[in-house]
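Hi everyone, thanks for coming. I'd like to walk you through one structure today, starting with how its helices pack. Have a look at it first, and then we'll go through it together.

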Amino acid sequence: DDSEAAVALAQLSTRTVTNGRPRAEMNGLDLPYQPGAEMPPITGNQALLERALTILVDNALKYTPRGGRIRFSTRLDSDADQSWAIINIANSGPAIPLDEASQMFNRFFRGKAALESGVSGAGMGLFMASQIIARHVCCITLNDPPVAALCGGTFLLPRPRVVALRA
């Protein structure tokens, strides 16, 4: 379904974290959600955006060692001309080496840590998430440099496409 409608980012973020928590708990991981200011709704395809966020959380769940933490946070940011909704997913898994960072969103790419982890995969998750996000005229980036021992990605949503939700 390619239809676009108002997507409530706060609800989508809450649902994504809630759906990931049972697996996080089963793997001995902490998955807190740190909502920022009220997130604006955007026009988009809810199923695809939910799929992209789920892929990013699943990826963090795969590569964060037992006892680790995956932090899912949201916030708004702006400059003089524009505002963005930012969704950040950071984890205490292995950091992405700088020489692999430019390839992380390529189809079929699996980094050294992924290959050595024994975790199965085809290198399609981050590629698919990046394609979904790009389709929504948004961008996904790797944090550079990772904050402390956390690594992860930031998902930027342009606010100019904001629409009002109707009850």
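Let's begin with a pair of helices: α1 and α2 cross in a right-handed way. Before I go further, please keep in mind that this is a predicted model. Helix α1 covers residues 9–26 and helix α2 covers residues 46–63, and their axes come within 10 Å and cross at roughly 35°. On the α1 side, the residues that meet α2 are L12, R15, T16, N19, G20, R23 and A24. Facing them from α2 are Q46, L49, E50, L53, T54, V57, D58, L61 and K62. As for the chemistry of that contact, its residues divide into six nonpolar, five polar and five charged.

One residue there deserves a closer look, and that is E50, which lies in helix α2. Is E50 buried or exposed? The relative accessible area of E50 is 19%, and buried means under 20%, so E50 counts as buried. And what is E50 in contact with, once we leave aside its neighbours within four places in sequence? Those partners are L12, R15, T16 and N19, and these four also appear among the α1 residues that meet α2.

Now let's turn to another partner of α2. Helices α2 and α5 pack with their axes 9 Å apart, at an angle of about 145°, and this crossing is left-handed. From α2, the contact uses L48, L49, R51, A52, I55, L56 and N59. From α5, G125, L126, M128, A129, I132, I133 and R135 take part. How does this contact of α2 with α5 split by class? There are ten nonpolar, two polar and two charged residues. If you have the structure open, find L49: that residue is on the list for the contact with α1 and on the list for the contact with α5.

Staying with α5, which spans residues 125–135, I picked out two residues. F127 sits in this helix. With a relative accessibility of 14%, and with buried meaning under 20%, F127 counts as buried. Beyond its neighbours within four places in sequence, F127 is in contact with F105, N106 and R107. Take R107: F127 is 20 residues away from R107 in sequence, yet their C-alpha atoms are 5.3 Å apart.

The other residue is Q131, also in α5. Q131 has a relative accessibility of 42%, which lies between 20% and 50%, so Q131 is partly exposed. Between Q131 and F105 there is a separation of 26 residues in sequence and 8.8 Å in space, C-alpha to C-alpha.

Let's step back to the whole protein. There are five helices and seven strands, and from the N terminus on the order is β-α-β-β-α-β-β-α-α-α-β-β. Of the 167 residues, 42% are buried. Among contacts between residues at least 6 apart in sequence, 70% join residues at least 24 apart.

Finally, how confident is the prediction? The mean pLDDT is 77, and 81% of the residues reach 70 or more. Confidence is highest in α1, at 94, and lowest in strand β7, residues 151–158, at a mean of 48. Over residues 144–152 the pLDDT is below 50, and that stretch has 21 contacts in the model beyond near neighbours in sequence. Residues 158–167 are also below 50, with 28 such contacts. That's my tour, and I'm happy to take questions.

How values were computed: Residues are numbered from 1 along each chain as its sequence is written. This is a predicted model: local features need pLDDT of at least 70, side-chain atom pairs count only at pLDDT 80 or more; totals for chains, interfaces and linings use all residues. Side-chain values use heavy atoms; hydrogens and water are left out. Axes are lines fitted to C-alpha atoms, for helices over the stretch in contact, and angles run from 0 to 180 degrees between N-to-C directions. A crossing is left-handed if the near helix is turned anticlockwise from the far one by less than a right angle, and right-handed if clockwise. Contact means heavy atoms within 4.5 Å. Ala, Val, Leu, Ile, Met, Phe, Trp, Tyr, Cys and Pro count as nonpolar, Asp, Glu, Lys and Arg as charged, and the others, Gly among them, as polar. pLDDT is the predictor's confidence in each residue, from 0 to 100. Buried means under 20% relative accessible area, exposed over 50%, partly exposed in between (1.4 Å probe, protein chains only).
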